[in-house]
Structures are given as structure tokens and as C-alpha cells.
Amino acid sequence: MNIATIGTGSIVDAILAAIGELEDVTCTAMYSRKKETAQLLASKYGVGTIYTDLDSLFADPSIDLVYIASPNSLHYEQSYQALQHGKHVVCEKPFTSTKQEAEKLIALAKENNLFLFEAISNIHLPNMKIVQEQLHKLGPIKMIQCNYSQYSRKYNDLLVGETPNVFNPNFSGGALMDINIYNLHLVMNLFGSPDSVAYTANQHTNGIDTSGVLVLKYPEFITECVGAKDTTGMNFVLIQGEKGYLQIVGGANGCKEVVLQLGQEPAETLNAQTEANWLFYEWEAFRDMIAKADHNRCYELLDHSQSVMNVLVQARQNAGIVFAADQRS
């Protein structure tokens, strides 16, 4: 399977490293507005073609799949164009800016019998399967706490008056969409959609959230998801039941290992991940679904992405965070 990438950021570097460990997946082309921007990355991974025109990339018959890692606000438009040209698509999180955009992409992919995925690594990790298998031992779940806080160097630019994409409402930025989304995907992958959503955020004068607390209410338990790009914190996930707890060490992005504590018994540390680059697992899953023509699993994942997008929109509305994309939907 030949893939092309859109974007040249650090995530593309990490993805190309992961793909390099997979059989039957090769990156053959890259897109960048300026050729020199992509040249170093293309040389590093032996990518033979650099496009500076998106239409030319989409028209390339040798490309099977397009990986999109552009600014958030461009995800929908570029994914739609790729699908229109008969390409499978892997789109970075957040999948889209609005729930209407997500609905349109999913409908187009199904209409054309194409594969479409949101690149959210944690739900594909072997350690997430461990969490699913161990949950029943905790008894009734009562409380979940998640913290993913990572100080962004782009926050320094915001403080001196610049508006980098990740902190720009016009580019669908903010802590919720960029970082707290990992917590949300993890929780909803385990427990589905919540009954109610509330989001309280620290907001810049332009309205974007630099950090915030997302509270999800389920029938029997409460979840608190903290996501911050203006501070650094201790990243973790803690799932608490009446009989014990599960701790996901390192937080929702990576799920490095799982600690199971039941009553007064000695804690048990579990880890099924052998790949240092945890992005390997999601790309292995994408490759296998396409190879096996497993549209049913693809559609299950798309249903999950749609549900997550619905909650993200509810959270933004609750906090009064408005994107330019809201006016287009």
C-alpha cells in the first residue's frame, strides 16, 4: 500500500518512523506548500516525490491512501478531496471541527466504499485491551480521573502576542481539541457516550482554551478529564471501582503500562506493548483492516469518532468556544 502525507510536523516524522517498521506499507509522496520544507523529511525516509500542489497529489494513481496532518481546520476539506479522488484516508485527530463535517466525511467514504480513519493512537494500543479485560475486577466503577498536561512552546508565542494555529479559533485549535481529546477517546472507547457534558476552561482573550476540565457524567460514575497546554503536570489515568483501581501510567497518550490494585493485595503491573513507537499499533490496525477489506470494523471506529466529535462540540458550546468552522457547518 502506497501512502502520501500532507504536513511536515513532528507527528509526520513519528508516523513515518512507525510505518518503516511495517510490511506492505510505503510512503511514496509528500505534500508541502514549499518543497524545501519537506525535503529534509523526504530524504530521511526515502520519499521519492514531493508535491507542492494538492490536486496533483490527489490525482496520482499510484497513491492508495492519504495521511492528513495539516492544521485542524483543514482536516475536513482535505479529507473530502482525497475521498473524492478515490483515496483511503487517515486523518489526524481531531477528526474534524464539527459534527456535521464528520457526518459528511463518513457518508462519502461509505458511498465510495473507501476506508476512513481518525488517527487516534491510544484506542489501538495493546495496553488498552488489558484495561478492557481487567475492568470487571474493579467492581462498580465510581470515579475516573485523567490528566494530560503538556506545556506547549507555542504558548510562549501566544503570550507575546502571536497567534499560532494551535491557539487560533480560526484553525480549530485549543487544549480540548489538541490534548484533552486523548482522555476523551480513551474514556469513550471504554464506556461509550456520557449522559451529560460540562467543560470549564482557562481561555485566552481570543476565546481559545489553553487548558480546561471536562466533566462527563455517566449513570453510575463521574469522569474528570484535565487537559492543559499552558502547564506541565503528572499525566495519568485512574479508574476507581468499589474493589480497587486501574492506573494507566503516563496518561492517555501512550498508555505505557497498567497497574491493577485490588484491595490489600500487592499491585500488579501489566504491559503488552513491545514497540517503542506506539504509533506502530494504529498503523498496523489500519493496514490490516484495508488488507482484509474489514469495512465493519472501520465503520465501528467511525461511529466512535463521530460520538467523540459530538461530545467535543457539546463541550465547546458549554464553554462558549467558537470556531470559524461553526459558521460553515
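Which residues line the largest cavity? The lining consists of F117, E118, I120, I123, H124, F286, L301, L302, H304 and S305. The structure in which this cavity occurs is a predicted model, and the account below begins with the overall fold before returning to its internal spaces.

The protein contains 10 helices and 14 strands. Its C-alpha atoms occupy a box of roughly 60 × 45 × 35 Å along the principal axes. For 329 residues, a compact globule would be expected to have a radius of gyration near 20 Å, and the value for the protein, 20 Å, agrees with that expectation. Of the 329 residues, 54% are buried. The accessible surface amounts to about 14200 Å², and carbon and sulfur atoms account for 46% of that area. Contacts also reach across the sequence: when residues at least 6 apart are considered, 68% of the contacts join residues at least 24 apart.

One residue illustrates these points. I3 belongs to strand 1, which spans residues 2-6. Its relative accessible area is 0%, and because buried means under 20%, I3 counts as buried. Leaving aside residues up to four places away in sequence, I3 touches I19, V25, T26, C27, T28, A29, I63, L65 and W283. I63, one of these partners, is 60 residues from I3 in sequence, yet the two C-alpha atoms are 5.6 Å apart in space.

The internal space may now be considered in detail. A search of the whole structure yields 1 cavity of 30 Å³ or more. The volume of the largest cavity is about 40 Å³. Two elements, strand 6 (116-119) and helix 10 (295-319), each provide at least two residues of its lining. Helix 10 makes the greatest contribution, with 4 residues. In chemical terms, the lining of the largest cavity comprises 6 nonpolar, 3 polar and 1 charged residue.

The pockets come next. The largest pocket holds about 1500 Å³ of space. Its lining is made up of 44 residues, and those nearest the centre are G9, S10, I11, A69 and S70. Helix 1 (10-19), helix 4 (75-84), helix 7 (153-159), helix 8 (175-191) and helix 9 (279-291) are the elements that each give two or more residues to this lining. By class, the residues lining the largest pocket are 19 nonpolar, 16 polar and 9 charged.

The second largest pocket has a volume of about 290 Å³. It is lined by 17 residues, and H124, Y281, A285, M289 and R297 lie closest to its centre. Helix 6 (126-134), helix 9 and helix 10 each supply two or more residues to the lining. Which element gives the largest share of this lining? That element is helix 9, with 5 residues. The lining of the second largest pocket divides into 8 nonpolar, 3 polar and 6 charged residues.

Several parts of the structure recur in this description. H124 appears in the lining of the largest cavity and among the residues closest to the centre of the second largest pocket. Helix 10 contributes to the lining of the largest cavity and also to that of the second largest pocket. Helix 9, in turn, takes part in lining the largest pocket as well as the second largest pocket.

Definitions and conventions. Residues numbered from 1 in each chain as written. Predicted model: local features only at pLDDT ≥ 70, side-chain atom pairs only at ≥ 80, totals over all residues. Heavy atoms only, no water. 1 Å grid on protein atoms, 1.4 Å probe; cavity = no way out; pocket = protein on both sides within 12 Å on 5 of 7 lines; lining within 4 Å. Points joined across faces, edges and corners; volume = space filled by probe spheres on them. Nonpolar A, V, L, I, M, F, W, Y, C, P; charged D, E, K, R; others polar. Rg over C-alpha atoms; globule rule 2.2 N^0.38 Å. Buried < 20%, exposed > 50% of the residue type's maximum accessible area, 1.4 Å probe, protein only. Contact = heavy atoms within 4.5 Å. Areas by Shrake-Rupley, 256 points an atom, 1.4 Å probe, with all protein chains shown as cover.
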